[in-house]
Amino acid sequence: MNCDECKGLISQFLDNELEETQAASIRTHLAMCGDCAIVCEDFASILDICTGESADELVPAHSKAMWCRINNIIENEIKAEQTVAPPPQKRFWQLSFGQLATALGCIAIVSSLATFVAIRSYFVPQTDDFTTRSAATQTTFEKVLSKVGLMETPQQARDRRHKEQQAAIEYWNARVQTRRIQWDRATREAFDRNLQVIDESVSEYTTILNQDPEDELSGEMLDTVLSDKMNLLRDFSDL
Amino acid sequence: MIFGSKTPSSKTTMLLCVVFFFALFADEVAAQKKFARTYPAGQNVRLSLTNRTGTVTVEGWNRQEISISASMEAPAATIVPQSLSGTIFVNVLKDNQGKDVGNVNFLIRVPYNAMVDIETRIGNLIVSNVRSGLVRAHISSEGDITLTNILAKNVSAENGIGDIFFDGEIQESGNYRFSSMKGNINLRIPFTSSFRFVATAPSTRSISLGAFANSETNYLGDGRRVIGKTGDGSATLTVTNQRGTIGFLRR
């Protein structure tokens with residue numbers, strides 16, 4: 001028996017799976033060949049280690065459950081990665097550098113023009129008080145500010161002014177009532193006639209504005225007659 | 001007998017009536033209190049008058065002095081004009097401290113170039129022959145305003161119930177404002193006048209431009225307001241009549 005034949009049969013020799021004649025030949029060769037004897041010893045050592053430990057020590061308890069848990073953990077990690085960072089979708093458009101530069105240039109020009117128009121519109125000379133102005137004479141900038149609630153609309157300004165006028169009228173009317181007793185009959189009648197004419201106008205414009213709040217002319221006239229009423233009361237409160 | 005007894009009684013009654021009539025007349029004469037005073041006027045004199053009730057008439061004349069004459073219904077009424085810094089102040093309300101002094105009728109003569117600022121609570125205001133920088137006439141309630149032969153750069157006439165009549169010239173870059181609650185406003189001005197105008201008569205929509213209607217006239221708010229321009233439009237004319245009519249007449 002040569003060395004190759006011996007090495008090929010060593011494993012079976014150690015497992016006692018060879019016939020007695022072959023086993024005797026191997027024993028004879030190992031006695032004479034030092035190399036094959038070393039290989040045989042190595043195999044024998046490995047075999048001793050494996051056979052020396054119990055199966056319980058090599059296979060962990062509940063290995064099936066453990067492998068299930070590991071599998072679950074791996075699957076969850078994969079799902080989490082998919083949720084946090086979805087794979088980038090492919091864009092339906094693509095711009096070259098030149099196209100991108102042109103687009104940015106257009107945006108800059110449009111925004112500059114919008115700013116210029118807004119500033120020019122905002123600084124248009126205004127001769128009228130805002131309370132007497134109409135929506136038609138509002139600048140674009142003022143309309144935008146009114147829309148977003150940063151500035152009151154002409155209607156809101158008008159309502160506010162009317163409330164102030166009514167408050168002043170009540171004040172002067174109270175003073176007139178205290179003085180009225182001292183007037184002669186002609187003065188009382190003249191005062192009442194004028195007040196009646198003013199109140200007719202106030203009623204007329206109020207009715208029109210209830211039907212059409214956008215009627216700026218009636219709003220302006222209502223403002224005027226309320227001022228007239230206030231002036232009449234103030235003038236007669238001196239008498 | 002019966003008649004004989006009546007005759008002396010009738011005579012007595014007649015006599016008493018005559019005596020009472022003369023007594024009443026004498027009382028009436030005594031009640032009409034008069035006031036008259038003259039003040040020297042400078043180049044830029046101004047008249048500022050505030051009356052309670054009565055008619056105020058202001059006339060321009062060719063003298064550098066202001067003549068004030070007034071007739072007062074109530075004998076207790078007082079008038080104390082003051083001359084301060086070129087302005088003659090007459091304030092019946094202040095001078096009588098709110099007392100009812102009845103009608104006080106003024107006739108005031110001022111230099112042509114005097115500025116006139118008059119107002120009253122009730123009564124008519126009449127101004128004529130004034131050629132200055134300002135004519136203002138304001139009636140708090142009832143009364144007519146009549147402005148004739150006026151050549152002023154700033155004119156303002158306001159009343160409650162009553163008519164307003166303006167007969168004068170429109171000065172270049174002048175400002176003219178006429179406002180009434182109820183009455184007729186008529187403006188008589190030269191056809192060659194240059195002004196921008198806003199005329200508003202919301203209730204009646206009766207705005208008659210006459211010869212002053214042109215291609216630059218616009219009707220707004222269903223005819224409640226008319227705006228326009230004549231000539232180069234250097235002056236500004238604002239007319240508002242809440243419940244009356246507005247008329248432009250060619251002078």
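A disulfide is a pair of cysteine sulfur atoms within 2.5 Å. The exercises below use a predicted model.

**Exercise 1.** Find how many disulfides the whole structure holds, and examine A:Cys33 and A:Cys36.

*Solution.* Step 1: a search over all chains returns 0 disulfides. Step 2: for A:Cys33, the nearest cysteine sulfur belongs to A:Cys3 and lies 3.5 Å away, and A:Cys33 is in no disulfide. Step 3: the closest cysteine sulfur to that of A:Cys36 is in A:Cys33, at 3.7 Å, which is too far for a bond. Step 4: A:Cys33 is buried, with a relative accessible area of 14%, and A:Cys36 is also buried, at 0%.

**Exercise 2.** Determine which strands stand at the edges of the open sheet in chain B.

*Solution.* Step 1: write the order of the 10 strands, S1-S4-S7-S3-S9-S11-S13-S15-S21-S17, with mixed pairing. Step 2: S1 (33-40) and S17 (207-208) each have a single partner strand, so one side of each lacks a neighbour in the sheet. Step 3: inside this order, S3 (residues 56-61) and S7 (residues 104-111) of chain B run parallel and are joined by 6 bridges. B:Val56 stands opposite B:Phe106 of S7(B).

**Exercise 3.** Place B:Phe106 and B:Phe178 in the largest nonpolar core.

*Solution.* Step 1: this core has 59 residues, and both are among those with the most contacts inside it, as are B:Ile118, B:Leu147 and B:Phe248. Step 2: beyond its neighbours within four places in sequence, B:Phe178 is in contact with residues including B:Leu147, B:Val155, B:Phe166 and B:Leu237. Step 3: a second, separate core of 24 residues includes A:Tyr205, A:Phe236 and B:Met181.

Note on methods. Residues numbered from 1 in each chain as written. Chains lettered and ligands numbered in written order. Predicted model: local features only at pLDDT ≥ 70, side-chain atom pairs only at ≥ 80, totals over all residues. Heavy atoms only, no water. Pairing = 2+ DSSP bridges. Helix = DSSP H or I, 4+ residues; strand = E, 2+ residues; numbered from the N terminus. Core = buried A, V, L, I, M, F, W, Y, C linked by side-chain atoms within 4.5 Å. Buried < 20%, exposed > 50% of the residue type's maximum accessible area, 1.4 Å probe, protein only. Contact = heavy atoms within 4.5 Å.
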